[in-house]
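Study the sequence and the structure shown here, then attempt each exercise before reading its solution.

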Amino acid sequence: MSIPILDTTDFRLGLFSSNCSGGLAVTTVPERWSASWQDNLRLGRLADEVGIDFMLPIARWIGYGGATNFHESVLEPVPWAAGLLSNTSRLNVFTTIHTAFNHPAVTAKQLATIDQMAPGRIGLNVVAGWNEPEYRAMGVDLPQDHDSRYALAQEWIDVVTTLWAPGERTDLPGRFWNLQGVESVPKPAAGRLPILNAGSSKQGREYAARNADFVFTIVAGPEDGAQVVDTVKADAAAKGRTTGVMTPSHVVCRPTAKEAEEYLHYYADENADWDAVDNLMRLQGLHAQSFTPEMLEMFRSRFAAGHGTCPLIGSPDDVADEIERYAKAGFGGMTLAFVDYVGELEYFAQEVMPRLEAKGLRAPR
């Protein structure tokens, strides 16, 4: 069965977190990303035009405090995805769903409905959850062990994929949901939707090997990333599946490396929202396993620059060369984030994407 959103041997490029105020940059600079619908619409149309493959949102309900209350304003991913797909012609869009906050039968029908609007262009990013203040805000207890979170996430995706498959009204008893006489029509046109899961812990990567087409995982760089890629692919192969690996990045691309480093210092050092950075890192250390303790100790500046993601900093040649290193490490794609998504994507599309095509990493779009 072909899944158009991921059915390619090209190195995939996506945009991450544009639905969140600030994007991934925890900064106070005046040009920081607003995440308004108008700005997201401009970005989606530009991404569609220049050949970006997909857009991926974060699901968030409360901010991280600090001077900017980083991620205070967040467009909810399901209507956000539907709106973008209705205003583009080739762009693929994921929606991000937290299994603890979204009923699987409702999600199954929502996404099958969107698939009728834009067949083959909607995908599902599954998040098992980690942010305890959001659980308290929702009146839900956060299981303190990863195994319990992923047990719920497994039952959740089993319900969703069962409801997408051909079949009549059925009972789906389980530990977390006890569904009686449930049915879900329409079905996705291809029988299921592409599934991505954000997983950097051992349990998250195992979950991807069982369920996902791609795992979206945090790495320090291409060197340690190559080991992650090998592990995920081997785990999936042992289950008779194929699972690709993507990693997120933040980009500062300027005509010269000096200009890029100067802008990085301006927004992520001189004007970082350090209170928000520290709140974010504290929560990651307490409740998530996306970053090892060693990574958290080293990455404070990287959190300010891009939520702890991989840096792509420098001239167009520098950035293209670094992306090539991730491709050679076995990654199937990367997401990009910018301080100003629209203005900086225009330059990236003009200067970096042709270089990636020249390297043979991507066919012209």
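The exercises below treat helices, loops and backbone angles in turn.

The model is predicted: local features need pLDDT of at least 70, side-chain atom pairs count only at pLDDT 80 or more, and totals for chains, interfaces and linings use all residues. Residues are numbered from 1 along each chain as its sequence is written, and side-chain values use heavy atoms, with hydrogens and water left out.

**Exercise 1. Two packed helices**

Determine how helix α1 is oriented relative to helix α13, and which residues make the contact.

Solution.

Step 1. Helices (H or I, at least four residues) and strands (E, at least two) are DSSP runs, numbered from the N terminus. Helix α1 covers residues 37-50 and helix α13 covers residues 341-351.

Step 2. The two axes come within 10 Å and cross at roughly 10°. The axes are lines fitted to C-alpha atoms, for helices over the stretch in contact, with angles from 0 to 180 degrees between N-to-C directions.

Step 3. The crossing angle therefore makes α1 roughly parallel to α13. Angles under 35 degrees count as roughly parallel, over 145 as roughly antiparallel, 65 to 115 as roughly perpendicular and the rest as oblique.

Step 4. From α1, the contact (heavy atoms within 4.5 Å) involves D39, R42, L43, L46, A47 and V50. From α13, Y341, V342, L345, E346 and A349 take part.

Step 5. Sorted by class, this contact has eight nonpolar, no polar and three charged residues. Ala, Val, Leu, Ile, Met, Phe, Trp, Tyr, Cys and Pro count as nonpolar, Asp, Glu, Lys and Arg as charged, and the others, Gly among them, as polar.

**Exercise 2. A charged residue in α1**

Decide whether D39 is buried or exposed, and name the residues that D39 touches.

Solution.

Step 1. Buried means under 20% relative accessible area, exposed over 50%, and partly exposed in between (1.4 Å probe, protein chains only).

Step 2. D39 has a relative accessible area of 17%, so D39 is buried.

Step 3. Leaving aside residues up to four places away in sequence, D39 touches W33, S34 and V342.

**Exercise 3. The two sides of α7**

Check the length of helix α7 and describe where its buried residues lie.

Solution.

Step 1. The expected span of a helix is 1.5 Å times one less than its number of residues. For the 17 residues of α7 (residues 222-238) this should be 24 Å, and the end C-alpha atoms are 24 Å apart, which agrees.

Step 2. The buried residues of α7 are P222, G225, V228, V229, V232 and A236.

Step 3. Viewed down the axis, these buried residues fall within an arc of 105°, so they line one face of α7. The arc is that of the directions from the helix axis to the C-beta atoms.

Step 4. The buried residues pack against α6 (202-211), β8 (214-216), β9 (244-253) and α12 (316-328).

Step 5. On the face turned away from the buried side, α7 carries the exposed residues E223, Q227, D230, A237 and A238.

**Exercise 4. Backbone angles in loops**

Describe the backbone at S17, A35 and P186.

Solution.

Step 1. S17 is in the loop between β1 (12-16) and α1. Its phi is near 75°, a positive value in a residue other than glycine. S17 has a relative accessible area of 0% and is buried.

Step 2. A35 also lies in the loop between β1 and α1. The phi of A35 is near 65°, again positive in a residue other than glycine. At 1% relative accessibility, A35 counts as buried.

Step 3. P186 is in the loop between β6 (179-182) and β7 (195-198). A cis peptide bond, with omega about 15°, joins V185 and P186.
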